[in-house]
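Student: Please give me a close look at a single part of what is shown here, namely its charged side-chain pairs, and then set that part in its surroundings. I would like each term to come with its cut-offs.

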Amino acid sequence: MGCDGGTIPKRHELVKGPKKVEQVDKNAALAARWNYCAISQRPLRKPIVACELGRLYNKDAVIEYLLDTSPEKCIIVTATHIKNLKDVKQLNLTDNPTWKGDKANTKGDKYEDLQRAAFICPVVGLEMNGRQKFCYLHACGCVFSERAMKEIKTEVCHKCGESFNEDDVIVLNGSKEEMADLQRKMEERKLKAKLLKKARKSKTTETVVKSALTEGTV
Ligand SMILES: [Zn+2]
């Protein structure tokens, strides 16, 4: 059986692909993270959301991903920490007034195209093209360049005025170390929320039990 010239190729033989891997254009790879949804790989379009690890997604792609319960669902390894919509924050982005859309910027000049971005920092005007660090505030979702955050020390959001602390600052598409730090912060935040919920619940139970007891004794 088999081996008669009609052998069925195994999966790994099919997906191996060419041996020579093309050298990845680092700039293009970097730009991709800032322009494409980390779940659907489609171009980012408002409403755009970010997870607590600082990755960018199209909101509709996240909803679609969360709603998909079919056995064929393609599990996105990088999105396993997104369990519901509360795990992402809708971003308050500032449009780049000189941005004329993807098409207008495709002049064949790849270098220049990669410099352009649809969004800017509302404080210092830097373009969000992946060359400068950008972050968002967990409380309000407003997005700024790191330079603005460092140069103008503030305890309230530059854009909407909501107060925040250092732990609320989430770096977008950060380095490995920054991601590890964000992962730790995310776990801390989740644990805190869990404990708070538990505390509230036991408090309510306590009140219920107490009132039941008082009612019973009266
Ligand atoms: Zn804000």
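Tutor: Two residues are said to be in contact when they have heavy atoms within 4.5 Å of each other. On that basis, 47% of the contacts in the chain between residues at least 6 apart in sequence join residues at least 24 apart. This is a predicted model, in which local features need pLDDT of at least 70 and side-chain atom pairs count only at pLDDT 80 or more, whereas totals for chains, interfaces and linings use all residues. Residues are numbered from 1 along each chain as its sequence is written, and side-chain values use heavy atoms, with hydrogens and water left out.

The chain holds 7 helices and 8 strands, these being DSSP runs (H or I of at least four residues for helices, E of at least two for strands) numbered from the N terminus. Of its 218 residues, 32% count as buried, where buried means under 20% relative accessible area, exposed means over 50%, and partly exposed covers what lies in between (1.4 Å probe, protein chains only).

Now to the charged pairs. The structure holds 8 salt bridges, a salt bridge being a side-chain nitrogen of Lys or Arg within 4 Å of a carboxyl oxygen of Asp or Glu. One of them joins Arg116 to Glu127, with the closest N and O atoms 3.4 Å apart. Because Arg116 lies in the loop between helix 5 (110-115) and strand 5 (119-120), and Glu127 in the loop between strand 5 and strand 6, this pair ties together parts that are 11 residues apart in sequence. Arg116, although charged, counts as buried at 18% relative accessibility.

Another salt bridge is formed by the side chains of Glu178 and Lys133, at 2.9 Å from N to O. Glu178 belongs to helix 7 and Lys133 to the loop between strand 5 and strand 6, so that this pair ties together parts 45 residues apart in sequence. Here Glu178 is buried, at 19% relative accessibility, while Lys133 is partly exposed, at 35%.

Lys133 also leads to Ser145, which touches Cys121, Val124, Leu126, Lys133 and Phe134 if residues up to four places away in sequence are not counted. Ser145 sits in strand 7 (residues 143-145), and it is buried, with a relative accessible area of 0%.

Within helix 7, Lys185 forms a salt bridge with Asp181, and the closest N and O atoms are 3.7 Å apart. As the two residues are 4 places apart in helix 7, about one helical turn separates Lys185 from Asp181. An α-helix has 3.6 residues a turn, so residues three or four places apart point the same way. Lys185 is buried at 14% relative accessibility, whereas Asp181 is partly exposed at 30%. Both belong to a network of salt bridges that links Asp181, Arg184, Lys185 and Glu188.

The nonpolar surroundings complete the picture. A nonpolar core is a set of buried Ala, Val, Leu, Ile, Met, Phe, Trp, Tyr and Cys residues joined through side-chain atoms within 4.5 Å. In the largest such core, which has 43 residues, Leu56 and Tyr57 touch the most other members. Helix 7 (176-217), strand 7 and strand 6 (134-137) are among the elements that each supply at least two residues of this core, as are strand 1 (48-51), strand 2 (56-58) and helix 3 (59-67).

In helix 3, the buried residues are Ala61, Val62 and Tyr65. They cover an arc of only 100 degrees around the axis, which puts them on the same side of helix 3; the arc is that of the directions from the helix axis to the C-beta atoms. These buried residues pack against strand 1, strand 2 and strand 3 (88-90). The face turned away from the buried side of helix 3 carries the exposed residues Glu64 and Leu67, and Leu67 has a relative accessibility of 63%.

Just ahead of helix 7, in the loop between strand 8 and helix 7, lies Asn173. Its phi is near 45 degrees, a positive value in a residue other than glycine, and Asn173 is buried, with a relative accessible area of 12%.
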